[in-house]
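Reader: I'd like to go through this model with you and ask how each label was earned. Can you show it to me?

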Amino acid sequence: MAAQEMNLVGHLSELRKRLIIVLGSFILFFIAAFVYVKEIYNWLSQDIEIKLAVLGPSEILWVYLMLASVVAITCTIPIVAHQIWLFVRPALTPKEQKVTLAYIPSLFILFLIGISFGYFVIFPIVFDFLLSLSEGMFFTFFTTEKYFRFLLHMTLPFGFLFELPVIIMFLTSLGVLNPYRLQKVRKYAYFVLVLIAVLITPPDLLSDILVVIPMLFLYECSVLLSKVVYRRKQKLAVAA
């Protein structure tokens, strides 16, 4: 009993250490991004044909905090993945350690691809469609807060969703998931993904469709990749 308690204390201490490293990294990246937030803002707003406005001093601070937070989250993702790997490493075999370590750069790359997909593909389509609805009816006037909040809703979720295949591959390699379990819960997963799409997008059918289709595609890709990892793991087990 005493040994189990000492083991639990050791795990909690290790978890605390990993969380402190992650939090410290986020703070450092946040400070760096906050220093260069004007350059980030100018780059994001260089192609905007409409003028953005602020309705009060607090909105300026909100934009600074939002942009710095997104950059900090993006830069912290590989560190989070590495710290998780370090935490679970003692429970893995040397071969599993090498395999799972390869997932870390993939998480970061897929996050960037997801954000790029949302920013360069989904966001322009949805934004132009919504603007077309106001032609001849309204004078379009956007506050900086509203514009960037809308931009975040159209981009940031894709960054996390594009990591789904790698996360499922990682969990499959650890034995937590398998493709047959994923197939069994497919209809529930579809429901959850559709619900997420409806919640993160503006209330129009086009936005929902443009977000739902990539989500479902990513899930099916995740199932296929899980099969590959699962079969490879079984072959290795038989060979051993």
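Reader: What makes Cys75 partly exposed?

Author: This is a predicted model, and in it Cys75 has a relative accessible area of 28%. Partly exposed runs between the 20% and 50% cut-offs, so with 28% Cys75 gets that label.

Reader: And why is Cys221 called partly exposed?

Author: Same reasoning: the relative accessible area of Cys221 is 22%. Buried would need a value under 20%, so Cys221 at 22% counts as partly exposed.

Reader: How many disulfides does the rule give?

Author: Zero. A disulfide needs a pair of cysteine sulfur atoms within 2.5 Å, and by that rule the count is zero.

Reader: What makes Thr74 buried?

Author: Thr74, in helix H3, has 11% relative accessibility. The cut-off for buried is under 20%, so Thr74 passes. Leaving out residues up to four places away in sequence, Thr74 touches Phe108, Phe111, Leu112 and Ile115.

Reader: How do you know that the span of H3 agrees with its number of residues?

Author: H3 has 32 residues, and at 1.5 Å a residue they should span 46 Å. The end C-alpha atoms of H3 are 45 Å apart, so the two values agree.

Reader: Where does H3 bend?

Author: At Thr76, by about 40°. A proline, Pro78, follows within four residues.

Reader: Why is Glu145 called buried?

Author: Glu145 sits in helix H6 and has a relative accessible area of 18%. That is under 20%, so Glu145 is buried. Not counting residues up to four places away in sequence, Glu145 touches Glu59, Trp62 and Val63.

Reader: Leu193 next: what makes Leu193 buried?

Author: Leu193 belongs to helix H9, and its relative accessibility is 8%. With the limit at under 20%, Leu193 counts as buried. Setting aside neighbours within four places in sequence, Leu193 is in contact with Met215, Leu216 and Tyr219. As for Lys95, 98 residues away along the chain, its C-alpha atom and that of Leu193 are separated by 34 Å.

Reader: How do you know that the buried residues of H2 are on the same side?

Author: The buried residues of H2 are Val37, Leu44 and Ser45. They cover an arc of only 85° around the axis, which puts them on the same side of H2.

Reader: Which residues touch the most other members of the largest nonpolar core?

Author: Leu67, Ile122, Phe123, Phe148, Val211 and Met215, out of 49 residues in that core. The elements giving two or more residues to this core include H2 (37-45), H3 (57-88) and H5 (103-132). H5 gives the most, with 10 residues. In soluble globular proteins, nonpolar side chains tend to be buried together.

Reader: What about the whole chain: how many helices and strands does the protein chain have?

Author: The protein chain has 10 helices and two strands. Along the sequence the pattern reads α-α-β-α-α-α-β-α-α-α-α-α. The C-alpha atoms fill a box of roughly 70 × 40 × 30 Å, taken along the principal axes.

Reader: And what share of the 240 residues is buried?

Author: Buried residues make up 36% of them. As for contacts between residues at least 6 apart in sequence, 82% join residues at least 24 apart.

Key. Residues numbered from 1 in each chain as written. Predicted model: local features only at pLDDT ≥ 70, side-chain atom pairs only at ≥ 80, totals over all residues. Heavy atoms only, no water. Core = buried A, V, L, I, M, F, W, Y, C linked by side-chain atoms within 4.5 Å. Buried < 20%, exposed > 50% of the residue type's maximum accessible area, 1.4 Å probe, protein only. Arc of directions from axis to C-beta. Expected span 1.5 Å × (residues − 1). Bend = angle between axes of the 7 residues up to and from the residue. Contact = heavy atoms within 4.5 Å.
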